[in-house]
Amino acid sequence: MESSQQFSLQNNNSFNVKAICPTIYFPKSLTDLKQLPDLASENFYILGDGTNTLFIDQQAPTIIKPSFTGVDITETADSYIVTVGAGENWHQLVSSLLEQGIFGLENLALIPGSVGAAPVQNIGAYGVEFSNFCIQVKWFEFVSKTVNTLNNDGCQFTYRNSVFKHALYNKGIIIEVVFSFPKVWQANLSYAGLNELNENATAKAVMEKVISLRQAKLPDPQLLPNAGSFFKNPIVDETIFTRLQREYPKMPFYPQGKKQVKLAAGWLIEQAGLKGYCENGVGVHEKQALVLVNYESENGQDIVALAHFVQQQVLAKFDIIISPEVRMLTSQGEQDFADLVIK
Ligand SMILES: Cc1cc2nc3c(=O)[nH]c(=O)nc-3n(C[C@H](O)[C@H](O)[C@H](O)COP(=O)(O)OP(=O)(O)OC[C@H]3O[C@@H](n4cnc5c(N)ncnc54)[C@H](O)[C@@H]3O)c2cc1C
């Protein structure tokens with residue numbers, strides 16, 4: 001199996017901060033996976049393209065970077081069944097399926113990262129989630145050294161969440177994802193911005209619109225390092241929502257059922273007066289307050305310090321705790337944001 005020692009991860013994280021790992025493994029077959037050392041007692045991290053990962057310490061733990069490739073397409077009478085290796089790039093998959101006349105993922109265009117990471121947080125955008133089309137996830141379990149197949153229910157997908165963040169966390173590696181796309185396609189134009197399109201819009205038109213909306217709002221990590229939405233949109237009880245709405249009648253909100261309401265974390269940060277705020281070479285993006293950007297720091301700790309400050313300001317103003325969507329990695333492995341101590 002391909003591997004490397006003292007590997008610099010600066011080009012493998014979209015915040016472009018400095019980090020070095022003692023060893024990185026690039027498994028791309030079942031044989032490779034079976035050769036991985038027993039990492040149960042060692043600190044390690046599974047890294048896709050690092051677009052949702054913040055390296056906080058300059059020393060990272062051992063890294064496993066799944067490098068399974070390939071896209072296989074078969075047909076049933078009414079659907080396309082597409083099996084994709086975890087190491088494939090998400091946006092390239094979306095574009096290539098669209099070119100082949102297989103529609104469904106166009107609302108998820110331009111989301112950076114690997115296919116293998118997509119189930120972990122059930123990526124979503126513009127009214128569509130990964131879970132809408134995923135029928136199976138193939139997952140290599142470290143202990144039994146076997147490949148298990150989880151169906152959609154078994155993945156326990158919810159908003160930015162799945163079983164891979166909980167019961168199966170660090171117990172194995174996603175190696176392949178299987179989708180089913182109905183041949184009869186209907187554009188999903190429910191989300192703000194897309195409803196400007198004609199209801200007969202083609203999948204290509206939807207994808208182009210999604211790309212132009214994203215490019216207008218989100219900074220390109222290649223030009224201004226960032227990890228997209230830094231915080232998750234908080235989901236609060238109706239009682240809290242009612243109290244806030246009385247005070248802020250213009251506050252955006254998205255009812256979730258079960259007496260719960262999702263609020264827009266970006267709006268909360270903006271109202272806390274932090275849009276465009278900068279300190280120590282990092283800042284809150286001037287157009288989209290949900291995105292923290294790295295202007296000139298090489299140190300992940302600067303971003304954590306800013307994130308703590310943003311969280312405290314929002315708490316002080318609204319009495320709501322916003323939590324990061326981005327995964328925090330220290331030399332001791334992944335850690336909870338609440339437990340991080342800034343050195
Ligand atoms: C500009 C920008 C815009 C973004 N927009 C969106 C958006 O609209 N919607 C959205 O949902 N996200 C968005 N994101 C976040 C990011 O694109 C997704 O979270 C993406 O899935 C991360 O992929 P990655 O390969 O870079 O994951 P990484 O950051 O490498 O890893 C993320 C997590 O997945 C785990 N993981 C990765 N691969 C595997 C595997 N094969 N097996 C098991 N675990 C694995 C890692 O251990 C880690 O916990 C955005 C990010 C950026 C930079």
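This is a short tour of one predicted model, stop by stop.

**Stop 1: the ligand**

Start by selecting the ligand and the residues around it. The shell holds 32 residues. I46, G48, T53, P112 and S114 are the closest of them.

Now look for polar pairs. Pick S114: one of its polar side-chain atoms sits 2.6 Å from a ligand oxygen. Move to I174. Here the backbone supplies the N or O atom, 2.9 Å from a nitrogen atom of the ligand. Then go to R327, where an N or O atom of the side chain is 3.2 Å from a ligand oxygen.

Next, show the ligand's surface. On its own the ligand would expose 990 Å², and the protein buries 95% of that.

Colour the shell by element. β3 (44–46), β8 (124–125), β12 and β13 (226–229) each give two or more residues. β13 gives the largest share, with 3 residues. Then recolour by residue class: the shell splits into 14 nonpolar, 13 polar and 5 charged residues.

**Stop 2: helix α2**

Select residues 90–99, which form helix α2. Is this helix mostly covered or mostly open? It is mostly covered, with 7 of its 10 residues buried. Show W90, H91, L93, V94, S95, L97 and L98 as sticks; these are the buried ones.

What covers them? Add β6 (71–75), β7 (79–85), β12 (172–182) and α3 (203–217), which are among the covering elements.

Check both ends of the helix. At the start of α2, a side-chain oxygen of N89 comes to within 3.1 Å of the backbone nitrogen of H91. After α2 comes G101, with a positive phi near 80°.

**Stop 3: the largest nonpolar core**

Hide the helix and select the core. The largest nonpolar core has 50 residues. Begin with L54, F230, F231 and I269, the residues with the most contacts inside this core.

Now bring in the elements that give two or more residues to this core. The strands are β2 (20–26), β4 (53–55), β16 (260–263), β18 (282–284) and β20 (327–330). The helices are α4 (238–247), α5 (265–271) and α6 (300–318). Which element gives the most? That is α6, with 7 residues. As a general backdrop, nonpolar side chains in soluble globular proteins tend to be buried together.

**Stop 4: two glutamates**

Pick E196 in the loop between β12 and α3. Is E196 buried or exposed? E196 counts as exposed because its relative accessibility is 60%, and the cut-off for exposed is over 50%.

Add K209, 13 residues away from E196 along the chain. The C-alpha atoms of the two residues are 9.5 Å apart. Their side chains make a polar contact of 2.8 Å.

Finish at E325, in the loop between α6 and β20. Is E325 buried or exposed? E325 is buried, because its relative accessible area is 9%, and buried means under 20%.

Show Q121 beside E325. A polar contact of 3.3 Å links the two side chains. Setting aside neighbours within four places in sequence, E325 also touches N52, R160, S229, F230, F231 and K232, among its contacts. F230 and F231 appeared at the previous stop, among the residues with the most contacts inside the core.

Note on methods:
Residues are numbered from 1 along each chain as its sequence is written. This is a predicted model: local features need pLDDT of at least 70, side-chain atom pairs count only at pLDDT 80 or more; totals for chains, interfaces and linings use all residues. Side-chain values use heavy atoms; hydrogens and water are left out. Buried means under 20% relative accessible area, exposed over 50%, partly exposed in between (1.4 Å probe, protein chains only). Helices (H or I, at least four residues) and strands (E, at least two) are DSSP runs, numbered from the N terminus. Contact means heavy atoms within 4.5 Å. A polar contact is a pair of N or O atoms within 3.5 Å; within protein, one must be able to donate a hydrogen and the other to accept it, and residues adjacent in sequence count only if both atoms are side-chain atoms. A residue is near a molecule or strand if one of its heavy atoms lies within 4 Å of it. Accessible areas come from the Shrake-Rupley method with a 1.4 Å probe; for residues, only the protein chains shown count as cover. Ala, Val, Leu, Ile, Met, Phe, Trp, Tyr, Cys and Pro count as nonpolar, Asp, Glu, Lys and Arg as charged, and the others, Gly among them, as polar. A nonpolar core is a set of buried Ala, Val, Leu, Ile, Met, Phe, Trp, Tyr and Cys residues joined through side-chain atoms within 4.5 Å.
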